Amino acid sequence: MKKLKLDELGRISVDEFKDADKLSVCIVLDNIRSLHNVGSAFRTADAFRIEKIYLTGITGTPPHREIQKTALGATESVEWHYISEAADAVKQLKADGYKIIIIEQTTESIALQSFIPAANEKYCLVFGNEVHGVSDEVIEHGDIAIEIPQIGTKHSLNVSVCLGIVTWEIFRKVILK
């Protein structure tokens, strides 16, 4: 076994990424305060060829040194938009035919492993603020709520870790099935 070198990874260019087929998923970041978490969201979106990211509320936007530090250039490949109100972004995406998936612990959440995405459906994954979670104004527009089962004392993951787990699971179930 040997570690692969960068030129052995089969990486595509930014232009090739922009032209490539995408996973029919977009991400809404609802008032994410950490620029490192924003950068991580871009890097994850690039890794799984997510359609686009919507940055809302207090969520920082590129170009910013702290976002770039974590994104490692993914802000150039992944399409993104800023919308001041997360609820407005979600309402528009719903009108555009996306099923709104709130990533939050709610009275009606289902476990991530129980969610079976349809290959022909468009999904919008909403991730909330590091302290307050997804805003109530956004939750009321959700079609479904998903949570990652946890057995520790916190029942809380960093938003970038949560985003990676959920995105991977949907990618795995739709693309790698």
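The following questions and answers go through a predicted model of one protein chain.

Biologist: What should be known about the model and its numbering?
Modeller: The model is predicted, so local features need pLDDT of at least 70 and side-chain atom pairs count only at pLDDT 80 or more, while totals for chains, interfaces and linings use all residues. Side-chain values use heavy atoms, with hydrogens and water left out, and residues are numbered from 1 along each chain as its sequence is written.

Biologist: How many helices and strands are there in the protein chain?
Modeller: Helices (H or I, at least four residues) and strands (E, at least two) are DSSP runs, numbered from the N terminus. From that end the elements run α-β-α-β-α-α-β-α-β-β-β-α-β-α. The count is 7 helices and 7 strands.

Biologist: Why is the protein chain called as compact as a globular protein of its length?
Modeller: The radius of gyration is taken over C-alpha atoms, and the globule rule is 2.2 Å times the number of residues to the power 0.38. For 177 residues the rule gives 16 Å, and the protein chain is close to this, so it is as compact as a globular protein of that length. Its radius of gyration is 16 Å.

Biologist: What percentage of the contacts in the protein chain, between residues at least 6 apart in sequence, join residues at least 24 apart?
Modeller: Contact means heavy atoms within 4.5 Å. Among contacts between residues at least 6 apart in sequence, the share that joins residues at least 24 apart is 84%.

Biologist: Which element gives the largest share of the largest nonpolar core?
Modeller: A nonpolar core is a set of buried Ala, Val, Leu, Ile, Met, Phe, Trp, Tyr and Cys residues joined through side-chain atoms within 4.5 Å; buried means under 20% relative accessible area, exposed over 50% and partly exposed in between, with a 1.4 Å probe and protein chains only. The largest core has 34 residues, of which Leu29, Ile53, Phe127 and Val166 touch the most other members. Elements giving two or more residues to this core include strand S1 (23-30), helix H2 (35-47), strand S2 (50-56) and helix H7 (159-174). The largest share, 7 residues, comes from H7.

Biologist: How many residues are in the other core, which lies apart from this one?
Modeller: Val28, Tyr54, Leu93 and Ile102 are among the members of that other core. Its size is 15 residues.

Biologist: Is Val78 buried or exposed?
Modeller: Val78 is found in the loop between helix H4 (74-77) and strand S3 (79-83). Leaving out residues up to four places away in sequence, Val78 touches Phe17, Phe42, Ala45, Asp46, Lys52 and Ile53. The C-alpha atoms of Val78 and Ala45 are 6.8 Å apart, although 33 residues separate them along the chain. With a relative accessible area of 3%, Val78 is buried.

Biologist: Is Ser40 buried or exposed?
Modeller: Ser40 lies in helix H2. Beyond its neighbours within four places in sequence, Ser40 is in contact with Thr70 and Ser160. Its relative accessible area is 18%, so Ser40 is buried.

Biologist: Is Ile151 buried or exposed?
Modeller: The place of Ile151 is the loop between strand S7 (144-147) and H7. Its C-alpha atom is 28 Å from that of Leu35, 116 residues away along the chain. With a relative accessible area of 88%, Ile151 is exposed.

Biologist: What is the relative accessibility of Ala95?
Modeller: Ala95 is in helix H5 (residues 86-95). The C-alpha atoms of Ala95 and Ser160 are separated by 27 Å. Ala95 counts as exposed because its relative accessibility is 64%.

Biologist: What is the phi of Asn31?
Modeller: Most residues other than glycine have a negative phi. Asn31 lies in the loop between S1 and H2 and counts as partly exposed at 25% relative accessibility. Although Asn31 is not a glycine, its phi is positive, at about 60°.

Biologist: Where does His155 lie?
Modeller: His155 is a residue other than glycine with a positive phi, near 50°. At 39% relative accessibility, His155 counts as partly exposed. Its place is the loop between S7 and H7.

Biologist: Which residues does the cis peptide bond join?
Modeller: Most peptide bonds are trans. In this cis bond omega is about -5°, and one of the two residues, Pro63, lies in the loop between S2 and H3. The bond joins Pro62 and Pro63.
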